[in-house]
There are 2 protein chains.
Amino acid sequence: MIGKKIRNLLVDSEKTLVKPAEEVAVVGLKNRLNHALLILTTDKYALVPVLDDQSKMRGLISMPTIMQAIMNIEDVQFEKLGEIEVREVMDTNYPYVYEDFELEDVLRMLVNYAFITVVDKDNYFKGIITRSEILKGTNRIAHEFEKLYDVKDKTPEKERLYNKGRW
Amino acid sequence: MIGKKIRNLLVDSEKTLVKPAEEVAVVGLKNRLNHALLILTTDKYALVPVLDDQSKMRGLISMPTIMQAIMNIEDVQFEKLGEIEVREVMDTNYPYVYEDFELEDVLRMLVNYAFITVVDKDNYFKGIITRSEILKGTNRIAHEFEKLYDVKDKTPEKERLYNKGRW
């Protein structure tokens, strides 16, 4: 469980933490790799969500994944970029949470992933939670917490019992 | 200034925060883009430091930068990968700190950058500080801080003066 006062400073609200779907660059399942490469080149993220025709979340694709798909031992076969579809090579083992997520799950996952996908119960893509948003909260805590609150060491249990016996 | 008790939980020590140079994938100034592309494909980071012959820090290079360098309005000219050198297209406007960095500078910079470069006073590359390391600290604070410390609202100055007048 996350401390209540820490949580309040870490996030304004769970809602503002999510960058909404309409602001996130995505690619389609049946797009070819050359289209995905174009999106990844112009977008600032190193990987983007892959959605199906219904805007349901299906996977992630990154530039390294695309490059690996067109490389063999001898060389890079760039002509394959126009042949291979995104769904053939995308990563389907991606981190996601539902809209009523627990902040502690997101915090834990963000240690290992650049962003966490948010979906609804029917798997429609709702947005992402980025490391950057949490780091804004870390900055607030680092600078403000001990200004806002009096922080005192807790008396360890053992010591407390000992003192009780003495008095 | 960062609160002292928050800092203690945020980082084990400023030293362990830095991933040392020998564990970081890098490319050389005069490497061609095809070599950089290979490093970026096998490395897990989306961008890598560019060093000169003396291992001094000179820039960063990412896959989007490489792709932009070989694209024009009509098509992607992959043959250019073997011609262009890294130094011609690298980003020289990168975030860096010295080894005796202030944690608050690093925290602030990590909101906007995936990692911060660490150099010594002669600009030799010493390592990087990643968002992931800070997020480990954020997790510790979220879970442990209010267990370790008694946290109480500070009496606001105004209220304190008012109370003083009354008694």
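This short talk covers a strand hairpin in chain B, a helix contact between chains A and B, and one annotated span in chain A. Keep in mind that the model is predicted.

I'll start with the hairpin. In chain B, strand β3 covers residues 47-51, and strand β4 covers residues 57-62. β3(B) and β4(B) are paired in the antiparallel sense, with five bridges. If you look for L51(B), you will find M57(B) of β4(B) opposite. Five residues lie between the two strands of this hairpin. In the turn, S55(B) has a positive phi of about 65°.

Is β4(B) largely enclosed or not, and why? Of its six residues, five are buried, so the rest of the structure largely encloses β4(B).

Next, the helices. Two packed helices are described by the angle between their axes and the distance between those axes. Here the pair is α3(A) and α3(B), residues 63-70 in each chain. They pack at an angle of about 60°, and their axes are 10 Å apart. That angle makes α3(A) oblique to α3(B).

Which residues meet there? From α3(A) we have M63(A), P64(A) and M67(A), and they meet M63(B), P64(B) and M67(B) of α3(B). Sorted by class, this contact has six nonpolar residues, no polar ones and no charged ones.

Last, the annotation. An unreviewed UniProt entry carries "domain: CBS" for residues 86-136 of chain A. In the model, that span is 35% helix and 27% strand. The C-alpha atoms at its ends lie 33 Å apart.

Conventions. Residues numbered from 1 in each chain as written. Chains lettered and ligands numbered in written order. Predicted model: local features only at pLDDT ≥ 70, side-chain atom pairs only at ≥ 80, totals over all residues. Heavy atoms only, no water. Buried < 20%, exposed > 50% of the residue type's maximum accessible area, 1.4 Å probe, protein only. Helix = DSSP H or I, 4+ residues; strand = E, 2+ residues; numbered from the N terminus. Pairing = 2+ DSSP bridges. Axes fitted to C-alpha atoms, helices over the stretch in contact; angles between N-to-C directions. Parallel < 35°, antiparallel > 145°, perpendicular 65-115°, else oblique. Contact = heavy atoms within 4.5 Å. Nonpolar A, V, L, I, M, F, W, Y, C, P; charged D, E, K, R; others polar. UniProt positions renumbered as here; feature names shortened; annotations may be inferred.
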